[in-house]
Amino acid sequence: MYKTGGAAVGNAGCMHENTNSTDQTEDQPTSAEATTKNPTTGPTAPVRFDTKVVVVLRDDLQPWQELNVTAFLMSGIATIDEGLVGENYRDADGNDYLPMLRQPVMVMTADRDKLASIRAKAMGRGIPTAIYTEELFSTGHDAANRAAVAGVPAEELNLVGVALRGAKNGVDRVVKGARMHP
């Protein structure tokens, strides 16, 4: 099940590839299926994702921090697999737009201890993980970000967010206990 805009997407609708919108029509796929769309002919075959992308944010962040952390974490996820990002978008006037992820992203929240547990479990399972620590709010560039993380042992990282991409069942086990973002 995917969540977007405060509404879970399950049997009533489907999450479409490259979007966070749902379609409530009866003939659409359900659950964790997505529908690819051909821009000229409409929907094509359903897509079943073998992997899941999840961002987990610490539950005490300010809204601007949540957005900032999510954006940075997703930039890490987008780089791990060449096929994860789709094709460029083009509108009817011929304007080109950048490509986006091909699969939905779940955003969840957890407390400080749960975030640490999620990081440790993901690392133990070999699930690709992006992290964002509280110290990164006060750094000004990429080298300073990496230095702020490098100076702290893994168990002492002051995490404010993690992002994971891996096999659905593995990611589900790792994030168990986190809550869907309100």
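**View 1. Valine 54 and the parallel pairing of β7 with β10.** In this predicted model, valine 54 has methionine 106 of β10 as its bridge partner. The two strands concerned, β7 (residues 51–58) and β10 (residues 105–110), run parallel and are joined by six bridges. Valine 54 also belongs to the set of buried residues that line one side of β7, together with Lys52, Val56 and Arg58. The side chains of a regular strand alternate between the two faces of its sheet. On the other side of β7 lie Thr51, Val53, Val55 and Leu57, and these residues are buried as well, so that both faces of the strand are covered. Counted over the whole strand, eight of the eight residues of β7 are buried.

**View 2. The open sheet and its edges.** Five strands form an open sheet in the order β11-β12-β7-β10-β13, and the pairing within this sheet is mixed. The edge strands are β11 (129–133) and β13, each of which pairs on one side only. Strands of a sheet pair through backbone hydrogen bonds, in either a parallel or an antiparallel sense. At one edge, β11 runs antiparallel to β12 (residues 159–167), to which it is joined by five bridges, and within this pair threonine 133 has leucine 159 of β12 as its bridge partner. At the other edge, β13 pairs with β10 in the antiparallel sense over two bridges, with threonine 109 standing opposite arginine 179 of β13.

**View 3. β7 beside β12, and leucine 57 in relation to helix α1.** Strands β7 and β12 pair in the antiparallel sense, and seven bridges are found between them. Leucine 57 stands opposite glycine 161 of β12, and this leucine is one of the buried residues of β7. Leucine 67, by contrast, is found in helix α1 (residues 63–78) and is exposed, because its relative accessible area of 64% lies over the 50% cut-off. Leucine 67 and leucine 57 are 10 residues apart in sequence, and their C-alpha atoms are 9.7 Å apart in space.

**View 4. A salt-bridge network that includes arginine 58.** Arg58, Asp60 and Glu134 are linked in a network of salt bridges. Within this network, arginine 58 forms a salt bridge with aspartate 60, where the closest N and O atoms are 2.6 Å apart. The two partners fall into separate classes of accessibility: arginine 58, at 5% relative accessibility, counts as buried, whereas aspartate 60, at 44%, counts as partly exposed. Arginine 58 also forms part of β7, where it lies on the side of the strand that carries Lys52, Val54 and Val56.

**View 5. Two further salt bridges, one of them within helix α3.** Side chains of opposite charge can pair when their charged atoms come close. The side chains of aspartate 96 and arginine 90 meet in a salt bridge, with an N to O distance of 2.7 Å. Aspartate 96 is partly exposed, with a relative accessible area of 47%, while arginine 90 is exposed, with a relative accessible area of 57%. A salt bridge also joins the side chains of aspartate 142 and arginine 146, with an N to O distance of 2.2 Å. Both aspartate 142 and arginine 146 lie in helix α3 (residues 142–150), four residues apart, which is about one turn of the helix. The count of salt bridges in the model comes to eight.

**View 6. Leucine 98 in the loop before β10.** Leucine 98 has its place in the loop between β9 (96–97) and β10. This leucine is exposed, because its relative accessible area of 73% is over the 50% cut-off. Leucine 98 and glycine 86 are 12 residues apart in sequence and 9.2 Å apart in space, taken from C-alpha to C-alpha.

**View 7. A positive surface patch that includes lysine 176.** Lys121, Arg125, Arg173 and Lys176 form a positive surface patch. Among these residues, lysine 176 lies in the loop between α4 (168–175) and β13 (179–180), and lysine 176 is exposed, with a relative accessible area of 64%. The strand that follows this loop, β13, is one of the two edge strands of the open sheet.

Terms used:
Residues are numbered from 1 along each chain as its sequence is written. This is a predicted model: local features need pLDDT of at least 70, side-chain atom pairs count only at pLDDT 80 or more; totals for chains, interfaces and linings use all residues. Side-chain values use heavy atoms; hydrogens and water are left out. Patches are made of residues with over 30% relative accessible area and no salt bridge: like charges are joined within 9 Å, nonpolar side chains (Val, Leu, Ile, Met, Phe, Trp, Tyr) within 5 Å. Accessible areas come from the Shrake-Rupley method with a 1.4 Å probe; for residues, only the protein chains shown count as cover. A salt bridge is a side-chain nitrogen of Lys or Arg within 4 Å of a carboxyl oxygen of Asp or Glu. Lys and Arg count as positive and Asp and Glu as negative; His and the chain ends are not counted. The place of a charge is taken as NZ of Lys, CZ of Arg, CG of Asp or CD of Glu. Buried means under 20% relative accessible area, exposed over 50%, partly exposed in between (1.4 Å probe, protein chains only). Two strands pair if DSSP finds at least two bridges between them.
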